[in-house]
Amino acid sequence: MKFASEFRDPKLARALLQAIAEKADAIGATREKPVHIMEICGGHTHSIFRYGLDKLIHEGVEFIHGPGCPVCVLPRARVDECIELAERPEVIFTTFGDAMRVPGSTKSLIQAKADGADIRMVYSPLDALELARRNPDREVVFFGLGFETTTPSTALAIQQAAREGLANFSVFCNHITVPEPIKALLDDPYMMLEGFIGPGHVSMVIGFHPYDFIAQDYGKPIVVAGFEPTDLLQSVLMVLTQIEAGQARVENQYGRVVPEHGNSVSIAAINDVYEKRPSFEWRGLGEIDASGMRIRDAYRAYDAEEKFGIGYAVGRREVPEVEGCACGQVMTGRIKPTQCPQFGKGCTPETALGALMVSSEGACAAYWQYGGARTAAE
Amino acid sequence: MCLGIPGQIVEISDEARMMAVAEVSGVRRAVNVACIADGPLDRLIGEWALIHVGFAMARIDEDEAAQTLAALHELGETQEALEQMAAGDAALEGRV
Ligand code: SF4
């Protein structure tokens, strides 16, 4: 665990922790009756644990870890489909390394690779494009995965493939969006969230107006935050300040990177290449309307689902979750990872049942690695 | 996957494809600069940007870049990003 004194700016961190404590006291937040603040983004979850913010902060503030890790929310059926694509002899299946260990119903991509499938970890969709250029006799499939931060990069890669007329490149599209699952959480009658920390790099692409509904329709404050410990602490303070004043606004703590209206080139590329799917399945959360992207007809030739007759192109397959796995409840903040009956028993990083245990941004992995929050120690 | 890492644009390598070379923590890597280009690409040389899966997604100033790199270093993300880049290079060369 870290101490505030180890931060790059320990004075600032201490001052922020003190200010948070005063605000938390002022609004009557206690360990028994905490303020619940959800950090939506898995990157923030990782920072919170890495720097031990959950332990340093006033005990009346409780971080609830949101569904913002694209690897964690990938349903088993989609992993199975990845493996089927990868095991086709003509296919070179390319993916970000994060997805390699996510369990499907019989195996993960890493196991499929060990079994002989041609699966390559790439750093960028541009690497997949280059592989397609260099291997004209093979089909290169890129596993498009991620929220609005990665969606434009896949869109730009597809536009580039179209310009070059690359016929052996396609994308298995699993891009998802942030606002819709948040709306689903807010509509859940059991949800008790008083405020949100908004995802910094998603917002760099889409700006912060897509979150207006959180403040306007649901009356909850949201502060878009950067990834350094002091960014997160400052954002918590901003949320508490709004709560104390009885306000609900969208604020931007990460103004040095996040423009109000996002990045116009990225947004144009997304709109050109993708459209919303009517609904998309999330691991543990079920179907959420308009929460996933699919490739438009104009770029159909680059849609791996259409090209290989798989996935939503032929209909959704039902693959039940593992018995006793509580991934969905953890991702909606209802329980802590340590309250999952499988945590540390049936489910460890070596024998993971859910992706939350193997993704670098997963809440269960963070609890496992950094010893968990106050509640875990009890 | 979602954090991104600061890099400095050091060369424009393929104007038509909007490709540049960025130096990321001492390692040079091809990146696409379409999202940060707002004029002649040459003007990007020397600029810092947040690089995300091979795309320069937002311009940042030098101080911000240095601070972000220090934080990412602590998080172990710098190493992870460099490993992912190396894995990408290996995949291209068929070393898998
Ligand atoms: S411990 Fe495993 S099964 Fe339980 S919620 Fe976490 S990833 Fe899912």
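These legends accompany a set of close-up views of a predicted model.

**View 1. Helix α11 of chain A and its buried residues.**
Helix α11(A) has 17 residues, and its first and last C-alpha atoms lie 25 Å apart, close to the 24 Å expected at 1.5 Å a residue. The helix is mostly covered, with twelve of its 17 residues buried. Among the buried ones you will find Pro229(A), Thr230(A) and Asp231(A), along with Leu237(A), Met238(A) and Gln242(A). After the helix comes Gly246(A), whose phi is positive, near 70°.

**View 2. Leu233(A) and its partners from elsewhere in the chain.**
Let us zoom in on Leu233(A), which belongs to helix α11, residues 229-245. Is Leu233(A) buried or exposed? Leu233(A) is buried, at a relative accessible area of 1%. Setting aside neighbours within four places in sequence, its contacts are Ala13(A), Leu16(A), Leu17(A), Ile20(A), Leu53(A) and Ile57(A). With one of these, Leu53(A), the C-alpha separation is 8.1 Å, although the two positions lie 180 residues apart along the chain.

**View 3. Ala13(A), a contact of Leu233(A), in helix α1.**
Ala13(A) is one of the residues that Leu233(A) contacts, and Ala13(A) sits in helix α1, residues 10-26 of chain A. Its relative accessibility is 0%, so Ala13(A) counts as buried. Pro229(A) is 216 residues away from Ala13(A) in sequence, yet their C-alpha atoms are 7.7 Å apart in space. Pro229(A) is itself among the buried residues of α11(A).

**View 4. Two separate nonpolar cores.**
The largest nonpolar core holds 139 residues, of which Phe93(A), Phe169(A) and Tyr211(A) touch the most other members. Apart from that core lies another, of 26 residues, including Phe7(A), Leu17(A), Phe63(A) and Val236(A). Some of these names will be familiar: Leu17(A) is a contact of Leu233(A), and Val236(A) is one of the buried residues of α11(A). As a general point, nonpolar side chains in soluble globular proteins tend to be buried together.

**View 5. The surroundings of Phe169(A).**
Which residues does Phe169(A) touch, not counting those up to four places away in sequence? The list includes Ala128(A), Leu129(A), Ala132(A), Val140(A), Phe142(A), Ile158(A) and Tyr302(A), and also Glu139(A) and Lys307(A).

**View 6. Ser203(A) beside Tyr211(A).**
Ser203(A) is part of helix α9, residues 200-206 of chain A. The residue is buried, with a relative accessible area of 0%. Beyond four places in sequence, Ser203(A) touches Tyr211(A), Val224(A), Val258(A), Pro259(A) and Gly262(A). Tyr211(A) appears again here, having been listed among the residues that touch the most other members of the largest nonpolar core.

**View 7. The residues around the ligand.**
The ligand is surrounded by Cys325(A), Ala326(A), Cys327(A), Val330(A), Cys340(A), Phe343(A), Cys347(A), Gly354(A), Leu356(A), Met357(A) and Cys364(A). By class, this shell has ten nonpolar residues, one polar residue and no charged residues.

**View 8. Cysteines without disulfides.**
How many disulfides does a search of the whole structure find? Over all chains, the search finds zero. Cys325(A), one of the residues around the ligand, has its closest cysteine sulfur in Cys327(A), at 3.3 Å, which is too far for a bond because a disulfide needs the two sulfurs within 2.5 Å. Cys325(A) is buried, with a relative accessible area of 18%. For Cys82(A), the closest cysteine sulfur belongs to Cys173(A), and at 11 Å that is also too far for a bond. Cys82(A) is buried as well, at a relative accessible area of 1%.

**View 9. Two loop residues with positive phi.**
Most residues other than glycine have a negative phi. Ala290(A), though not a glycine, has a positive phi of about 50°. Ala290(A) falls in the loop between β12 (286-289) and β13 (293-295) of chain A, and at 25% relative accessibility it counts as partly exposed. In chain B, Ser25(B) has a positive phi of about 50° and is not a glycine either. Its loop runs between β2 (19-24) and β3 (27-32), where Ser25(B) is partly exposed, with a relative accessible area of 38%.

**View 10. Ala22(B) in strand β2.**
Our last stop is Ala22(B), placed in strand β2 of chain B. At 0% relative accessibility, Ala22(B) counts as buried. Leaving out neighbours within four places in sequence, its contacts include Gln8(B), Ile9(B), Val10(B), Arg29(B), Val31(B) and Ile51(B).

Key:
Residues numbered from 1 in each chain as written. Chains lettered and ligands numbered in written order. Predicted model: local features only at pLDDT ≥ 70, side-chain atom pairs only at ≥ 80, totals over all residues. Heavy atoms only, no water. Buried < 20%, exposed > 50% of the residue type's maximum accessible area, 1.4 Å probe, protein only. Helix = DSSP H or I, 4+ residues; strand = E, 2+ residues; numbered from the N terminus. Contact = heavy atoms within 4.5 Å. Near = heavy atom within 4 Å. Nonpolar A, V, L, I, M, F, W, Y, C, P; charged D, E, K, R; others polar. Core = buried A, V, L, I, M, F, W, Y, C linked by side-chain atoms within 4.5 Å. Expected span 1.5 Å × (residues − 1).
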